[in-house]
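Take a look at the structure below. This short report walks through a ligand site and a pair of helices.

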Amino acid sequence: MNQYDVTVIGSGPGGYVAAIRCAQLGLKTALIEKYPTLGGTCLNVGCIPSKALLDSSEHYHNAHSVFADHGIGLDNLTVDMNRMIDRKAGVVKANVDGIAYLMKKNKIDVLTGVGSFVDKTHISIAPTEGGEAQQIETKNVIIATGSKPTVLPFIAQDKERIITSTEALNIREVPRHMMVIGGGVIGLEMASVYARLGAKVSVIEFMDSLIPTMDRGLGKELKRVLGKIGIEFFMSHKVTGATREGDSVTVTATNPKGEEVKFEGDYCLVAVGRVPYTAGLNLEAAGIEMEERGRIKVDAHLQTNVPGIYAIGDVVRGAMLAHKAEEEGVFVAETIVGQKPHINYLLIPGVVYTWPEVAGVGYTEEQLKEQGKAYKIGSFPFKASGRARASGDTDGFVKVLADKTTDEILGVHMIGPRIADLIAEAVTAMEFRASAEDVARMSHSHPTYAEAMKEACLAATENRAIHM
Ligand code: FAD
Ligand code: NAD
């Protein structure tokens with residue numbers, strides 16, 4: 001029987017990063033994955049394919065609706081959905097092949113099949129295609145089995161017309177009318193893809209604001225801007241059912257007045273969150289405790305109630321984000337060898353890859369109010385940025401929240417061009433506990449979108465933004 005120092009179950013961004021860090025630290029490491037390709041949700045059916053389609057659809061939208069403004073004329077513009085979806089598949093393949101290469105490079109044994117506990121130190125790996133299960137012995141285990149889409153019990157998903165994000169990344173036609181249940185991250189990214197390609201898109205959201213967990217101002221501005229590309233929003237609507245007849249789907253919901261309303265379209269995407277995935281792990285055999293909402297219970301070191309067994313990523317508490325899972329993978333590997341790593345969960349940024357992009361880090365204004373914290377706000381609109389005027393991306397703003405007394409930056413919330421990358425400046429500043437004035441006094445190249453961060457910090461310091 002093969003013996004390992006560490007066995008990682010699940011090869012998503014949590015699992016494969018944990019495996020690489022373990023190998024770097026000299027631990028004999030195995031990585032178990034039930035699918036034939038590595039990379040988990042993120043690389044196969046999440047972050048990477050969704051961004052590939054967001055990029056393709058953005059090119060089309062710009063060619064269709066923006067180029068003319070720059071004096072560029074195009075005739076006979078077409079969309080070839082087969083080619084777009086094939087390109088996306090190629091992007092996914094390049095990424096998952098890259099993970100296989102990294103496993104070889106780091107001498108990590110990849111074992112394909114469903115991993116399940118026999119006891120605390122033995123794991124069986126059952127090939128998904130059938131055949132003999134093999135067993136291994138291990139000193140430590142890192143569970144990184146991720147999550148799956150939440151199912152609404154009153155909606156039967158046939159995965160053809162009533163679909164999850166996985167199928168929404170594989171539609172080989174432009175839908176006539178895509179109905180999206182849930183105005184969260186997945187709902188808005190996929191709504192953007194299909195609206196840009198020319199589909200009618202309706203987003204039906206239970207709450208009264210979009211991306212409700214982010215700073216409220218962001219969802220409000222995003223709704224306004226996405227409305228301009230034709231997405232229709234039905235807020236405070238409680239979906240009660242969705243049924244399919246042939247190629248037509250009918251969604252029923254209760255509107256804020258308590259009346260029943262119906263929507264008819266050819267596709268319905270259900271994007272109402274994700275739940276931790278632990279099926280097949282046989283956690284009971286190792287005596288691992290769970291907590292509410294199907295998550296594995298862990299302590300501050302991400303260790304379960306069983307010494308030597310850890311859990312990371314979407315399967316434990318916290319934001320369901322790839323970079324959060326990666327940080328936790330490194331954290332656990334370093335913990336196993338006796339180091340004292342640290343994760344500042346407050347500074348895990350959240351990003352929505354719509355256009356304009358949306359990003360936030362630190363406390364939201366609503367959280368600061370709840371805490372009774374005295375804060376000041378510095379805000380700078382992209383319509384006052386020279387770079388944004390040049391590119392024609394003048395929607396959105398950067399908002400900096402700083403401590404009223406000390407000027408320390410407590411939160412940064414942005415909506416605008418390329419701010420998925422710009423938020424890294426806010427994370428860096430906050431990690432070093434910068435004051436708004438610290439950032440305001442740093443030189444930012446001109447003309448860049450990043451100048452909006454400097455201007456917002458100037459505005460927070462003493463209301464002394466230069467360009468507004
Ligand atoms: P996962 O990536 O879910 O990987 C878990 C792996 O474990 C899977 O490969 C699974 O097959 C395997 N597994 C499960 N059980 C077993 C078992 N018993 N034996 C063997 N293998 C098993 N996050 C971002 O930060 N940025 C984004 O832009 C982003 N976009 C997204 C877009 C979509 C459409 C979706 C659905 C998600 C997106 N996410 C994004 C979220 C991100 O994908 C997850 O947070 C991330 O993948 C979690 O990583 P993980 O390692 O915890 O689990
Ligand atoms: P989410 O939690 O972001 O949004 C779900 C939305 O559905 C919420 O706005 C919620 O109010 C709404 N909702 C819930 N029940 C509803 C109902 N019955 N009717 C109408 N609306 C309802 O979840 P998601 O968009 O499914 O994404 C899942 C996870 O994947 C998220 O945790 C997210 O962090 C991650 N993700 C991240 C990215 C990114 O980082 N760019 C992209 C995609 C997914």
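What follows describes a predicted model.

**The shell around ligand 2**

Start with the ligand site. Ligand 2 is surrounded by 23 residues. Ile 186, Glu 189, Glu 205, Gly 273 and Val 351 are the closest. What kinds of residues make up this shell around ligand 2? They divide into 15 nonpolar, five polar and three charged residues. Which helix gives the largest share of the shell? Helix 6, spanning residues 185–196, does, with four residues.

**Polar contacts with the backbone**

Next come the contacts between ligand 2 and backbone atoms. Ile 186 and Gly 273, two of the closest residues, appear again here, each with a contact to an oxygen atom of the ligand. Phe 206 pairs with a nitrogen atom of the ligand instead.

| Residue | Backbone atom | Atom of ligand 2 | Distance |
|---|---|---|---|
| Ile 186 | polar atom | oxygen | 2.8 Å |
| Phe 206 | N or O | nitrogen | 3.2 Å |
| Gly 273 | N or O | oxygen | 2.8 Å |

How much of ligand 2 does the protein cover? On its own, ligand 2 has 850 Å² of accessible area, and the protein covers 77% of that.

**Two packed helices**

Now turn to a helix pair. Helix 1 covers residues 13–24, and helix 8 covers residues 322–336. These two helices pack with their axes 7 Å apart. The angle between them is about 30 degrees. Angles under 35 degrees count as roughly parallel, so helix 1 is roughly parallel to helix 8. Is the crossing left-handed or right-handed? Helix 1 passes helix 8 in a right-handed crossing.

How values were computed:
Residues numbered from 1 in each chain as written. Chains lettered and ligands numbered in written order. Predicted model: local features only at pLDDT ≥ 70, side-chain atom pairs only at ≥ 80, totals over all residues. Heavy atoms only, no water. Near = heavy atom within 4 Å. Polar contact = N/O pair within 3.5 Å; in protein donor to acceptor, adjacent residues only side chain to side chain. Areas by Shrake-Rupley, 256 points an atom, 1.4 Å probe, with all protein chains shown as cover. Nonpolar A, V, L, I, M, F, W, Y, C, P; charged D, E, K, R; others polar. Axes fitted to C-alpha atoms, helices over the stretch in contact; angles between N-to-C directions. Parallel < 35°, antiparallel > 145°, perpendicular 65-115°, else oblique. Left-handed = near helix turned anticlockwise from the far one by under 90°.
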